[in-house]
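Work through the exercises below with the model open. Try each task before reading its solution.

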Amino acid sequence: MFKDTLFQNHIETIKQEGRYRSFARLERRCGDFPRAHYYTPGGDVKEVTIWCSNDYLGMGQNPVVLSAMQGAIEKFGAGAGGTRNISGTQKLHADLEDSLADLHQKDSALVFSSGYVANEGALSTILKIMGPDAIVFSDALNHASMIHGVKSSGVNKRIYAHNDLDDLERLLREAPTNAPKMIAFESVYSMEGDIAPIEEICDLADKYGAMTYLDEVHAVGLYGPRGGGVAEQRGLMDRIDVIEGTFGKAYGLMGGFITGSRAVVDCVRSSAPGFIFTTALPPAVLAGALASVEHLKTSQIERTRAHTNAKTLKAGLEANDLPYLQGESHIVPLIVGDAVCCKTVTDLLLDQYDIYVQPINYPTVPRGTERMRLTATAAHTKKDIDHMINVLSDLYEEHRVFQFMQA
Ligand SMILES: *Cc1c(COP(=O)(O)O)cnc(C)c1O
């Protein structure tokens, strides 16, 4: 019967292509980040240093966040008890949404189960309302959640070359003048480590009458004087119609959100299935997110440390001629360019050096651009960074493991 072989064969294909995903079993220990216990496939436990976490600021272990969560469990219990519409909306949802609207200086905000669901729900809903003639202009490297949202809206899409203003303008110029338009893009591209030319994209949006939708998932908490993202840092928040973010990365928890005008946010609240037909986030997560967002509106220590560490890492890689993708952001990708090779290197790092970096393979990135994506968080020490640089340059010289690397 087909089911005896179909799925097994599919897995065999994935394995042959070197993109079979094995999840590292970790145990994060409170107060010890970026150290964690790693449970090896052989059943051993050892301490490793994590070099690929999105908990950029260590907020996942910040005492301010932990005590807010503990307090919320004691006061409000475990679950929200329903969907947002049917008894699930807590006062904490409203408080958190107010805090987010303030963060991005917008009328309204809406919280979702994750950043993925936020993008999918907001884009599909907004584009559908813009009508069958709407056209969305989408960066070629936009996240899967944005692609999914655009796809389920059913509207026409034009993909412009990554961060390429000329290509974007060419497509805008070719589109019918009267068609409702949206430009959907990210600020920090997490697999490239580069940052979009937000101001120039907004200029094009003005020129061609397009809405702007910006995913600041890898930037909220980390950029801007109050953690409002790259648009805040560059003084451009008022030029973006919808800013989308997550609590899953620099804020150290989980959950996603959008902010925008009252009408747009109300439309999404009223129509997005991924918002409506699911249980609301629990009080502990809401309280933790609120504490994290509020803390990072004033505290600069975590941001400063993370950016300093990223700079130190880049300088060290540079000094050792290790070719990394030179973006402006805190993310440092090292392209290996081959799935099997990438896995070999990261296995070596884990087995011999107690350094955990997950290989990034297709479909997260295109085939032939497999990479290691390094994140120096606020919690890494100068010693951690020096060690990482030394290990990488040793591997590079001795094992010639980067023979596939495209500089
Ligand atoms: C991680 C990510 C998301 C999804 O956010 P989650 O909260 O993890 O679901 C959305 N957009 C981008 C660019 C991301 O990297």
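Three exercises follow, on the ligand site, a pocket and strand pairing.

This is a predicted model, in which local features need pLDDT of at least 70, side-chain atom pairs count only at pLDDT 80 or more, and totals for chains, interfaces and linings use all residues. Residues are numbered from 1 along each chain as its sequence is written, and side-chain values use heavy atoms, with hydrogens and water left out.

**Exercise 1. The ligand shell**

List the residues around the ligand, then find polar contacts.

Step 1. Apply the cut-off: a residue is near a molecule if one of its heavy atoms lies within 4 Å of it. The shell is Ser114, Gly115, Tyr116, Asn119, His143, Ser145, Glu186, Asp215, Val217, His218, Thr246 and Lys249.

Step 2. Sort by class. Two residues are nonpolar, seven polar and three charged. Here Ala, Val, Leu, Ile, Met, Phe, Trp, Tyr, Cys and Pro count as nonpolar, Asp, Glu, Lys and Arg as charged, and the others, Gly among them, as polar.

Step 3. Assign elements. Helix 5 (residues 115-130) gives the most to this shell, with three residues. Helices (H or I, at least four residues) and strands (E, at least two) are DSSP runs, numbered from the N terminus.

Step 4. Check N and O pairs within 3.5 Å. A polar backbone atom of Gly115 is 2.7 Å from a ligand oxygen. The side chain of Lys249 places an N or O atom 3.0 Å from an oxygen of the ligand. For His143, a polar side-chain atom lies 3.5 Å from a ligand nitrogen.

Step 5. Compute cover. The protein covers 84% of the 370 Å² of accessible area that the ligand has on its own. The method is Shrake-Rupley with a 1.4 Å probe.

**Exercise 2. The second largest pocket**

Which residues lie nearest the centre of the second largest pocket?

Step 1. Count the lining. It has 18 residues, and Arg84, Glu97, Leu110, Arg269 and Phe275 lie nearest the centre.

Step 2. Find the contributors. Helix 3 (84-88), helix 4 (91-104), strand 4 (108-112), helix 10 (262-271) and helix 11 (273-276) each give two or more residues. Helix 10 gives the most, with five.

Step 3. Split by class: seven nonpolar, four polar and seven charged.

**Exercise 3. Strand pairing**

In which sense does strand 2 run with strand 3?

Step 1. Pairing needs at least two DSSP bridges. Strand 2 (residues 35-39) and strand 3 (residues 45-50) run antiparallel, joined by five bridges. Ala36 stands opposite Val48.

Step 2. Inspect the turn. The two strands form a hairpin with five residues between them, and Gly43 there has a positive phi of about 95 degrees.

Step 3. Turn to strand 12 (residues 355-356). Strand 3 pairs with strand 12 in the parallel sense over two bridges. Thr49 stands opposite Ile355.

How values were computed. A polar contact is a pair of N or O atoms within 3.5 Å; within protein, one must be able to donate a hydrogen and the other to accept it, and residues adjacent in sequence count only if both atoms are side-chain atoms. On a 1 Å grid over the protein atoms alone, a cavity is a set of points where a 1.4 Å probe fits but cannot get out, and a pocket is an open set with protein on both sides within 12 Å along at least five of seven lines; lining residues have an atom within 4 Å of a point.
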